[in-house]
Amino acid sequence: MKRRPLLLGAALAPFAGASLAQTKPIRLIVPYAAGGPIDITARALAERVKDTLGTVIIENRPGAGGNIGADAVAKAAPDGLTIGIAATATHAVNPWLYSRMPYNAATDFAPITQMLRVPNVLVMNADSAKRLHINNLRDLIAYAKANPGKLNYGSGGNGSAGHLAGEMFKAQAGIFAVHIPYNGANPAQLALLSGQVDFNIDNLASAAPNIRSGKLKAIAVTTLQRAPALPEVPPMAETLKGFAIDTWWGLVAPAATPKDVIAKLNQAFVAALKAPETHTRFAALMAEPVPSTPEEFGAFMQRERARYERVVKASGAKVD
């Protein structure tokens, strides 16, 4: 009697055994260019899960503020072989910033786990802070109120994380400072270092080297509690109650990916995030692992979308 070939469900293919996993690797789409913190952490986790999930190949698909890569995940087959990064921009900011979105951030993805969060920090050019006698956030707010419009701040562009954080700060502090958008975070930081702008709200990973060198003065971090990497710097929430805005990213799959596949992906990546070696490695990036259940990450992204809807609309930022 002719034997029928054994057919394995496509959704279980990545988990059916090491040999099969090697022939059908998982594709992890990073919607940003290689070399940045998100790409580095994705590659580190891909290496850690290879024993349980098999080969995980990183595919960088940058462009349109992360929308190109996120859309590739949304439209991939829901078979467990394609997953991707969901970040603050792609899943909380862009839905309100872009007039036309290629995907629905609320419905086109199945959350797997949050990966990391990185505190943001309000930094000033050290020489400017000394000249203006600004030593802390209260000093900065007092100066801005006494000199409306004299302070300016830079960001990586209209609608960028730094821009939106700056607008949140202005609104909650009741001050006015001129926003100067640059074409990317690096030019914005160079403008701050050269004294062209007075302050920026940048992610701690980018700002830390210049804080350590004394070129930038850390005024406050944007997390509710003090950041382990800068324990001497108070949070903005000590002065502006409830102020919190940080950078985060995590893993998602296409919306129709079976729940048992999501559960196995979650188990493998959460274990990788909890490994002591992961904490040590990511500490160099000022990044804190925050593993979660799929349900927790989904609820978190929903809250973030609602929060950024208010922030983006208040800022007036729009990308057509």
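This passage walks through two nonpolar cores, a five-stranded sheet and one buried threonine in a predicted model.

A good place to start is the inside. The largest nonpolar core counts 51 residues, and the members that touch the most others are Leu 28, Ile 83, Ile 85, Val 121 and Ile 211. Helix α11, which spans residues 259-274, chips in with 7 residues, the largest share of this core. Leu 28 gives a feel for how this core is put together. Setting aside neighbours within four places in sequence, its contacts include Ile 83 and Ile 85, along with Val 56, Ile 57 and Ile 58. Ala 42, Glu 59, Gly 84 and Leu 251 also touch Leu 28. There is a second core too, separate from that one, with 48 residues, among them Ala 92, Ala 129, Ala 165 and Val 312. As a general pattern, nonpolar side chains tend to be buried together in soluble globular proteins.

Next comes the sheet. It is an open one made of 5 strands, lined up as β7-β6-β8-β5-β9 with mixed pairing. The edges are taken by β7 (178-181) and β9 (216-221); each has a single partner strand, so one side of each has no neighbour in the sheet. Going from one strand to the next, the twist averages 30°. Strand β5 (residues 120-125) runs antiparallel to β9, and 5 bridges join the two. Within this pair, Leu 122 sits opposite Ala 220 of β9.

Two helices pack on this sheet. Helix α8 (residues 161-173) touches β5, β6 (152-155), β7 and β8 (199-203), and its direction makes about 150° with that of β6. Helix α9 (residues 185-193) touches β5, β6, β8 and β9, with its direction at about 140° to that of β8.

Finally, there is Thr 82, found in strand β3, which covers residues 82-87. At a relative accessible area of 7%, Thr 82 falls under the 20% cut-off and therefore counts as buried. Arg 27 is 55 residues away from Thr 82 in sequence, yet their C-alpha atoms are 4.8 Å apart in space. The side chains of these two residues are also joined by a polar contact of 3.3 Å. Besides Arg 27, and again leaving out neighbours within four places in sequence, Thr 82 is in contact with Ile 29, Ala 76, Ala 253 and Pro 254.

Key. Residues numbered from 1 in each chain as written. Predicted model: local features only at pLDDT ≥ 70, side-chain atom pairs only at ≥ 80, totals over all residues. Heavy atoms only, no water. Core = buried A, V, L, I, M, F, W, Y, C linked by side-chain atoms within 4.5 Å. Buried < 20%, exposed > 50% of the residue type's maximum accessible area, 1.4 Å probe, protein only. Helix = DSSP H or I, 4+ residues; strand = E, 2+ residues; numbered from the N terminus. Contact = heavy atoms within 4.5 Å. Pairing = 2+ DSSP bridges. Axes fitted to C-alpha atoms, helices over the stretch in contact; angles between N-to-C directions. Polar contact = N/O pair within 3.5 Å; in protein donor to acceptor, adjacent residues only side chain to side chain.
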